[in-house]
Amino acid sequence: MSTFSESALIKKLSDLNNSQQSIQTLSLWVIHHRKHARTIVQVWQTELIKAKIKKKLTFLYLANDVIQNSRKKGPEFTKSYGGVLITAFTHVAKHSDEKTKQAIGRMLDIWVERNIYDADYIAQIRQSVSKVFDQKFGTKTTQNSGKLSEKKRKMVKNEKKEDPEVGQKRSRLEELIDQNEEDDYLTLSPRDPPEADELAKALLDLETAASSDAVVREKIASLPPEVQDVSRLEQISERETADKLCSVVEEACMLLAEYNGRLVAEIEDRRQVARMLADFMRQQKSLLHESEQKLADYREKLAKVAEVRKELKSHIQNLPDLRMLPSVTGGLAPLPSAGDLFN
């Protein structure tokens, strides 16, 4: 990725748009330069205030993506943004419409659910923006939003206490249910792209999934017709035959129940791999975009160097040929001596 400078960041922020690709591409660039986190946040806040009204919410989306995706790599951005978020959210709220108001509420709800910041700090952000919303829209939002946030926070905590895995699955399911085209970046951004080795292992594991188990599928296919056809029960007239069939049916039920359970697990695994592939592809597209930009920069530099080389060759050809000058040693007559001058 290109080197960091304030002018480069300002240029990238000016080119930022509301698309998911634009936000995530710049987010990756910013996270890559996380050692400049304090400077980045200062420039971000300055450009947020200068930005057009319709673009201010996009700056919050960028901050959201950077904060959540950088958490595993270090606390730099969480700390740096923590000092300016109340001011930034309040500023955006002053220039908001109903859609922006809902987006801000949605973002803060996600931050509470994922413990991005302390609940008290997020409550302070809510309180600040709610005062602005009350004045702007004439509705009391502080109390309601606080109750809603507290309710969601308690629900998430209870789920995690009962069963951490179930709580996580419910949270992801709720995200997918509530997800729409406008807030894809909110539900997708917290997932870091998988490493290539991790993705390759997940894909290899699918080769041994239930649907590929030919042995079990053959056992199911070879079950006797009596197990699947109720009408054949009328042909049974002996107790011994009925007992044997009952045993076969029980074994078939156990076999099918176990296989169905494996298939359900496989479906979840395939969904997880699909999400990993989507995240990996998103990262690769962003890296490809950066590489294409770098390639274009170097091609431009190469063209400039080639032009200089051409001019240099032309300049060299126009220089006089020193070999054509008369010899200073053997081509000129010797100077007269002092005696010759006075004779």
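Biologist: What makes Leu312, Ile316 and Leu319 a nonpolar patch on the surface?

Modeller: Patches consist of residues with over 30% relative accessible area and no salt bridge (a side-chain nitrogen of Lys or Arg within 4 Å of a carboxyl oxygen of Asp or Glu). Nonpolar side chains, meaning Val, Leu, Ile, Met, Phe, Trp and Tyr, are joined within 5 Å, and like charges within 9 Å. Leu312, Ile316 and Leu319 form such a patch, with about 290 Å² of accessible area together, computed by the Shrake-Rupley method with a 1.4 Å probe, where only the protein chains shown count as cover for residues.

A word on the source: this is a predicted model, where local features need pLDDT of at least 70 and side-chain atom pairs count only at pLDDT 80 or more, while totals for chains, interfaces and linings use all residues. Residues are numbered from 1 along each chain as its sequence is written, and side-chain values use heavy atoms, leaving out hydrogens and water.

Biologist: Why is Leu319 called partly exposed?

Modeller: Buried means under 20% relative accessible area, exposed means over 50%, and partly exposed is in between (1.4 Å probe, protein chains only). Leu319 has 46%, so Leu319 is partly exposed. You can find Leu319 in the loop between α15 (239-318) and α16 (338-342).

Biologist: And what makes Ala123 partly exposed?

Modeller: The relative accessibility of Ala123 is 40%, so Ala123 counts as partly exposed too. Ala123 lies in helix α8; helices are DSSP runs of H or I with at least four residues, strands are runs of E with at least two, and numbering starts from the N terminus.

Biologist: How many helices and strands does the protein have?

Modeller: There are 16 helices and 0 strands.

Biologist: What makes a group of residues a nonpolar core?

Modeller: A nonpolar core is a set of buried Ala, Val, Leu, Ile, Met, Phe, Trp, Tyr and Cys residues joined through side-chain atoms within 4.5 Å. The largest one here has 46 residues, and those with the most contacts inside it include Trp44, Leu85 and Trp111. Helix α4 gives the most to this core, with 8 residues. A second, separate core of 6 residues includes Leu199, Leu206, Val273 and Met276.

Biologist: Which residues does Leu85 touch, leaving out those up to four places away in sequence?

Modeller: Contact means heavy atoms within 4.5 Å. By that rule, Leu85 touches Ile67, Trp111, Tyr117, Tyr121 and Ile125.

Biologist: How much of the protein counts as buried?

Modeller: Of its 343 residues, 34% do.
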